[in-house]
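Me: I have a structure to study, and I would like to understand the reasons behind the words that are used for its parts. Could we go through some of them together, one at a time?

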Amino acid sequence: MRSWRCLVVVASLGGLSLSGTPQPAVAVEKPRPGIELDVGWSGRYHPGEGMPVRVRVAADRLVRGDLEVSVDTRGFMTVPSVVVPVEVPGGSTKEYLVVVPTAIDPVGVDVVASLEGSGLVEGRSRAESAGDTELVGLLPGVLDGRPLPGTAPLAVDVGTAQFSAVDPAALATPAALSSLDVLGVAPGELRSLGSDAKAEVLAWVAGGGRLLVDDPAGSDVAGLPAPWQPAEAGRSRAGLGEVRSTGGAMAAGAFTGLVEPTPAGRTPSERFGNHEPMDATLAFDAGLRIPQLSWLVGFLLAYVLVAVPLTLTVLRRMGRGELGWLVLPLVSLVFTAVGYLAGRDLRDDAVTSHGTVLTLTDVGVRATTHLGAVSNAGGTVTTSFPASWSVVPSGNQFFGPTAPVVAGQTNDGLELRQRLQPGQFGITAATGPVALEGGLEITATATGDHIEGTLRSTLPFDLEDVGVLQGQQGTRVGRISAGGEATFQLPLDVGGDRGDPFMGPGRGLWLEVARFDRPPDRSSAVSLALWDAFETRSPAGFRSPGSLVVGGWTRDFVPPVSRVPGTLKGRTLVVSIAAVASEGPATPGSVRTELVRSAVSHDGGFSGGSFVWRFTAPDGGDDFDTAALVLRAPQQGLALDVWRDGAWHPLEAGGGAPAGVAGPPDFEGFLGPSSDRRLPAGAAEGGVLWIRGTPGPDGHVDPFLIPLVDAVTVRGAA
């Protein structure tokens, strides 16, 4: 669902009351010394996203030091810990809001907070994965002094909504909202937010968040960008997220059925399958080299021959065999020195490398930068990012977990520290907004049997190997110079299976350049590790029908990083996602398709649940005429239901396609042939259609081989 951030704010609890009238003495109980934690949103979070942790430190004497908050991943994945300086006077309590990154283990995590040298017992609490629970945050204006509502059923029978209050400190803290699915605001409340808080909210929406505004449908919502204003139907697309008008329902406390399920997150198997390791890519770009095999074999062979047979033979012929006790250690020292100098020479020219993903949105540009640095002498390597940035895990790694990373907030911004051994290569990563002039303007229209459009770059640098993707298809556009433009045409095969299920469309699109099946072309700006990093942070179905993903590459962008060892160089992936317009209602390729529930389990098998899709009319309208629509789906493997009149109803196969719609192609592989199924009239309400697919006892669908999110799609009559 959404992008990762981690910053620290400090809020003091309590105050000093002054009055000119004498007050009676009141006995005040001193706080019990210790550290208490309030984790996640009502104890829940989404694995892989930032988790807010409210740490309350109570002291009976002055306590000063570094408060460290970490997530116990039990060896599943190394994630950075966060350190914040604290000072708590004796007899008082202070609360600190810390956002920590989490691993993608969906079982849940233990959060630990410790204050070394304070004598306070560490605080520990358990956070559980949200699962099918939608985490909903409500701003103070929505509650208006009322207590939080209890859990409520969703608009579709696939889970419940759990509500939490969002305070100003959380709004202004990067990454604090990342584990929320939905955020509710009162009329005018968004405009009244501070600039930092408003920027965080809008960035969260652009990354996939769902914003509920209690304004009437079709009214102008103060504080929203013009393209995000809800249409008359009460909803509007906003980047990867959505804005929806609730028309006073939240003020009335009518939360039952108000919250809709949001796009599903990726499972560990989906995030880490067939991915190029980030550490290997960064190490190569940093200038690290592995000695050639012939050199290594020659070096070892020379040592084996000289160290024993040749040395002892020469000494014995000289009649001085006893000198072997002295000569052999000297030979070992000589070869050790040669090996050390050769290894050091391989690292002498090393620089700090970066791999950056720039995501362009309507509300600005966000960068996620992975840094690779080598320490020749060993010690702590420190890098600094702007104060608005936050730490994230450093990505998929081939050589195992990297050295632990500690993140702290200083006067200079976010500081990442990593202690390395002599010659060790370490990687760190952070994300945050960047000031970048220009952008990438995308126009795309679904017409007939293809999508056509124009790309116009106003960026200050050229883009290489630009590609356009939707679903399992893609087309290469080539180079677009700064200020230049290009046209494209993408064949429309909604629900087809042209993409390589092992590689995915992004990998297949740049495979010739990146050479995944042989040594890659390191002179190219293309990096499959960066594409994988972008894909793993995106919600399921981010490039499904209705969305168009454009990616290009450059070596000319320099991330805002300071205090890096040596020169900084690297590669950057520039990504922009746009909606596909339609020549008419429900044109194939323009209907926004989102997988909101997945039956893929943690280990890559089936969880016993169902897949649930949400189909939204183009431009947020309510012009779905489901009697003129068909659902394209595999004939075997899934039992399909449609949500109508507050319940799931079976959707029978057969019925053919409306006049003018071409017959479906056959699905190859495990899904079997596809078929078009008629939808009942009135199945869509407010421009949204819900479909559930449940694997049957005789149906087998391998989630590793078939992109199910693109296998079930809707088409309209031509």
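What follows is a set of questions and replies about sheets, salt bridges, buried residues and a surface patch.

Me: Before we begin, what kind of model is this?

Reply: This is a predicted model, and the values below are computed from it.

Me: Why is R54 called buried or exposed?

Reply: R54 has a relative accessible area of 10%, and buried means under 20%, so R54 is called buried.

Me: What makes D167 fall into its own class of accessibility?

Reply: The relative accessibility of D167 is 27%, and the class between the limits of 20% and 50% is called partly exposed, so D167 counts as partly exposed.

Me: How do you know that D167 and R54 form a salt bridge?

Reply: Their side chains meet with N and O 3.2 Å apart, and the limit for a salt bridge is 4 Å, so the pair qualifies as a salt bridge. D167 lies in the loop between strand 12 (160-165) and helix 2 (168-171), while R54 lies in strand 4 (residues 51-59), so the pair ties together parts that are 113 residues apart in sequence. The structure holds 26 salt bridges.

Me: What makes the contact of R692 with D641 a salt bridge, and where in the chain are the two residues?

Reply: The closest N and O atoms of R692 and D641 are 2.9 Å apart, and a salt bridge needs them within 4 Å, so this contact is a salt bridge. The pair links distant parts of the chain, with R692 in strand 38 (residues 688-695) and D641 in strand 35, 51 residues apart. At 22% relative accessibility, R692 counts as partly exposed, whereas D641, at 12%, counts as buried, because the cut-off for buried is under 20%.

Me: How do you know that R614 and E594 are joined as well, and which strands hold them?

Reply: Here the side chains meet at 3.0 Å, N to O, and with a limit of 4 Å the pair therefore counts as a salt bridge. R614 is in strand 33 (residues 611-616) and E594 is in strand 32, 20 residues apart, and in this way distant parts of the chain are linked. Both R614 and E594 are buried.

Me: Why is the sheet in the order 32-33-38-35-36 called open, and which strands stand at its edges?

Reply: Five strands make up this open sheet, and their pairing is antiparallel. Strand 32 (592-597) and strand 36 (647-650) stand at the edges with a single partner strand each, so one side of each has no neighbour in the sheet. From one strand to the next, the twist averages 30 degrees.

Me: How do you know that strand 35 and strand 36 are paired?

Reply: Strand 35 (residues 638-644) and strand 36 share four bridges in the antiparallel sense, and at least two bridges are needed for pairing, so the two strands count as paired. One of the bridges has V642 with H649, in strand 36, as its partner.

Me: What makes strand 28 and strand 31 edge strands in the sheet of four?

Reply: The four strands form an open sheet in the order 28-25-24-31, with mixed pairing. Strand 28 (485-491) and strand 31 (581-582) each have a single partner strand, so one side of each is left without a neighbour in the sheet. Strand 25 (residues 450-457) pairs with strand 28 in the antiparallel sense over seven bridges, and G453 has F488, in strand 28, as its bridge partner.

Me: Why is helix 11 described as mostly covered?

Reply: Nine of the nine residues of helix 11 (residues 528-536) are buried, and buried means under 20% relative accessible area, so the description "mostly covered" fits helix 11. Among its buried residues are W531 and F534, and ring pairs link these two with W510, F542 and W553 into a cluster.

Me: What makes L333 exposed, and which surface patch does L333 belong to?

Reply: L333 has a relative accessible area of 57%, and exposed means over 50%, so L333 is exposed. L333 lies in helix 8 (residues 324-348), and together with L326 and L330 forms a nonpolar patch on the surface, with about 310 Å² of accessible area.

Terms used: Residues numbered from 1 in each chain as written. Predicted model: local features only at pLDDT ≥ 70, side-chain atom pairs only at ≥ 80, totals over all residues. Heavy atoms only, no water. Axes fitted to C-alpha atoms, helices over the stretch in contact; angles between N-to-C directions. Phe/Tyr/Trp six-rings, centres within 6.5 Å; stacked < 30°, edge-to-face > 60°. Patch = residues over 30% accessible without salt bridge, like charges linked within 9 Å, V, L, I, M, F, W, Y side chains within 5 Å. Areas by Shrake-Rupley, 256 points an atom, 1.4 Å probe, with all protein chains shown as cover. Buried < 20%, exposed > 50% of the residue type's maximum accessible area, 1.4 Å probe, protein only.
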